[in-house]
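Okay, thanks for coming, everyone. I'll walk you through one protein today, and we'll go from the sheet outward. Let me get it up on the screen.

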Amino acid sequence: MSQSDGTKEKRGMFARLFGRGAPAPEPAGETPAEEAPAPKRSWRERLFGGLFRSSQAIAKGIAEVFTKRKLDTLTLEELEDVLLRADLGVAAAQRVTKAVGAARYEKNIEPDEVRAILAREVENILEPVALPFDIDASRRPFVVLVVGVNGSGKTTTIAKLASKWRSEGKSVVLAAGDTFRAAAVEQLRIWGDRLDATVVAGKEGADAAGLAFDAIKTAREQNAEVLLMDTAGRLQNRTELMAELEKIVRVMKKADPEAPHAVLLVLDATVGQNALAQVEVFGKTAGVTGLVMTKLDGTARGGILVAIAEKYALPIHFVGVGESADDLEPFTARDFARAIAGLDPEESDPAKAAAEIAK
Ligand SMILES: Nc1nc2c(ncn2[C@@H]2O[C@H](COP(=O)(O)OP(=O)(O)OP(=O)(O)O)[C@@H](O)[C@H]2O)c(=O)[nH]1
């Protein structure tokens, strides 16, 4: 792709994030009434809507297995296949299958009841990793390094996080560490202007590690609360690129021995099982402290988040279900579990429902 194409593409992305010609988000309480956005679906509605493709595939599979059939070894095996196809991973699929098997063996069970048990088990798996992203105010600047493969949504996530934190009144510095993509640097500059956040950028192809050092220095001079650093998209089998990432971390430590204070790995849900390999490699190289999963709205493979939680037990801080600035929110186990099991958002507590069934 040519540079100008990339710029055009990033401009489109910006318009989708904040709306064409939209003003920079103001600190809370300062947005003029006439500029209030049109009523939008709640976050929960968007999460459930975004996960619809994933939940539909699971619900359809469960209905096919259990409609007018009793719960026995064969139906349980078929259920496990449905869950594996939905990318939940072997451990989670077996756990759910076991829980369903314990419910009413050799008797009929309704698909709804199976989905309630699925929601309960998924919630139990996710609950320990659904952790808020805390900015430690005693570390100033609190340095957040954002890593992930090409196109996973790093730059968009940085914009969304910067927008969120600016609207809370936090001072934010952005570092354009994707130095090989002029379009990405330019776009971060535009976001910086819009959000009133300083952007530290170097020349095209500049050393990203050096930039990281300068960015910490700048953020410290400005007494900024948060520094968000973008990085180039890296293919995990490109050893030299991984080495560069390690260098960024090493050089950051020269400016602040405790930096980076958080390393967020941005994962694209649409890649399914490949996300597991990304967690493995980035975890080893960059000391990932938490995850952001994007594009849950564009895939039937949302179950991968459960497989990742089960296997790596890394905190999952945010999930993204769209391209707008407010389409990224803190991750909550219960909502995700209900959404992926295809339960009604307003339905009563799935854990209680499953307990009722088990009686
Ligand atoms: N549908 C959907 N699209 C998203 C989401 N998050 C990001 N995107 C889109 O994914 C595309 C890639 O996002 P970027 O932020 O450019 O990804 P990146 O990781 O910075 O990519 P490089 O700059 O190539 O390294 C853009 O078109 C975004 O608008 C999401 O949650 N849902």
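**Around strand β6**

Let's start in the sheet: β6 and strand β7, residues 316-320, pair in the parallel sense, with 3 bridges between them. If you want a residue pair to look for, Met293 sits opposite Val319 in β7. To get from β6 to β7, the chain goes through helix α12, residues 304-312, and that β-α-β crossover is right-handed.

Before I go on, a word on what you're looking at: this is a predicted model. The protein averages a pLDDT of 86, and 84% of the residues score at least 70. The predictor also gives the complex an ipTM of 0.93 and a pTM of 0.87.

Now, the other side of β6. Strand β5, residues 262-268, runs parallel to β6, and 5 bridges join the two. Leu264 stands opposite Gly290 in β6, and Val266 has Val292 as its bridge partner there. The connection here is again a β-α-β unit: β5, then helix α11, residues 274-286, then β6, and the unit is right-handed. As for β6 itself, residues 290-294, 4 of its 5 residues are buried.

So how many residues of β5 are buried? It's 7 of the 7, so β5 is largely enclosed by the rest of the structure. Remember that in a regular strand the side chains alternate between the two faces of the sheet. In β5, Ala262, Leu264, Val266 and Asp268 point one way, while Val263, Leu265 and Leu267 point the other way, and all are buried. Yes, that list has an Asp in it: Asp268 is buried along with the others.

β5 has another partner too. Strand β1, residues 142-147, pairs with β5 in the parallel sense over 4 bridges. Leu264 turns up again here, as the bridge partner of Val146. That puts Leu264 across from Val146 in one pairing and across from Gly290 in the other.

Back to α12, the helix on the way to β7. Which of its residues are buried? They are Ile304, Leu305, Val306, Ala307, Ile308 and Ala309. Those buried residues pack against quite a list of elements: α5 (90-103), α6, α11, β6 and β7. Just after α12 there's a backbone detail for the torsion people: Ala313 takes a positive phi of about 50°.

A quick stop at a loop. Leu131 is found between α6, residues 111-126, and β1. Is Leu131 buried or partly exposed? Partly exposed, because it has 15 other C-beta atoms within 10 Å, where being buried takes 20 or more. Setting aside neighbours within four places in sequence, Leu131 is in contact with Pro315 and His317. And if you like distances, Leu131 and Glu168 are 37 residues apart in sequence and 19 Å apart in space, C-alpha to C-alpha.

On to the ligand. How many residues surround it? There are 23, and the closest are Gly153, Thr155, Thr156, Gly233 and Gly320. By class, that shell has 3 nonpolar, 12 polar and 8 charged residues. Helix α7, residues 154-167, gives the most to the shell, with 3 residues. α1 and α7 each supply at least two residues.

Now hold on to that α1, because I want to flag it. Where in the protein is confidence lowest? In helix α1, residues 3-18, at a mean of 51, whereas strand β4, residues 226-229, has the highest, at 98. pLDDT stays under 50 over residues 1-7, for which the model has 7 contacts beyond four places in sequence. Residues 20-33 also stay under 50, and there the model has 16 such contacts. So when you look at the ligand shell, bear in mind that α1 supplies at least two of its residues and has that mean of 51.

Last, the overall numbers. The secondary structure comes to 14 helices and 8 strands. Of the 359 residues, 46% count as buried. And among contacts between residues at least 6 apart in sequence, 79% join residues at least 24 apart.

That's my tour, happy to go back to any of the views.

Notes
Residues are numbered from 1 along each chain as its sequence is written. This is a predicted model: local features need pLDDT of at least 70, side-chain atom pairs count only at pLDDT 80 or more; totals for chains, interfaces and linings use all residues. A residue is buried if 20 or more other C-beta atoms lie within 10 Å of its own, exposed if 12 or fewer, and partly exposed in between; C-beta atoms are placed from the backbone. Two strands pair if DSSP finds at least two bridges between them. A crossover is right-handed if, with the strands pointing away from the viewer, the path from the first strand over the helix to the second runs clockwise. Two residues are in contact if their C-beta atoms, placed from the backbone, lie within 7 Å. pLDDT is the predictor's confidence in each residue, from 0 to 100. A residue is near a molecule or strand if its C-beta atom, placed from the backbone, lies within 6 Å of it. Ala, Val, Leu, Ile, Met, Phe, Trp, Tyr, Cys and Pro count as nonpolar, Asp, Glu, Lys and Arg as charged, and the others, Gly among them, as polar.
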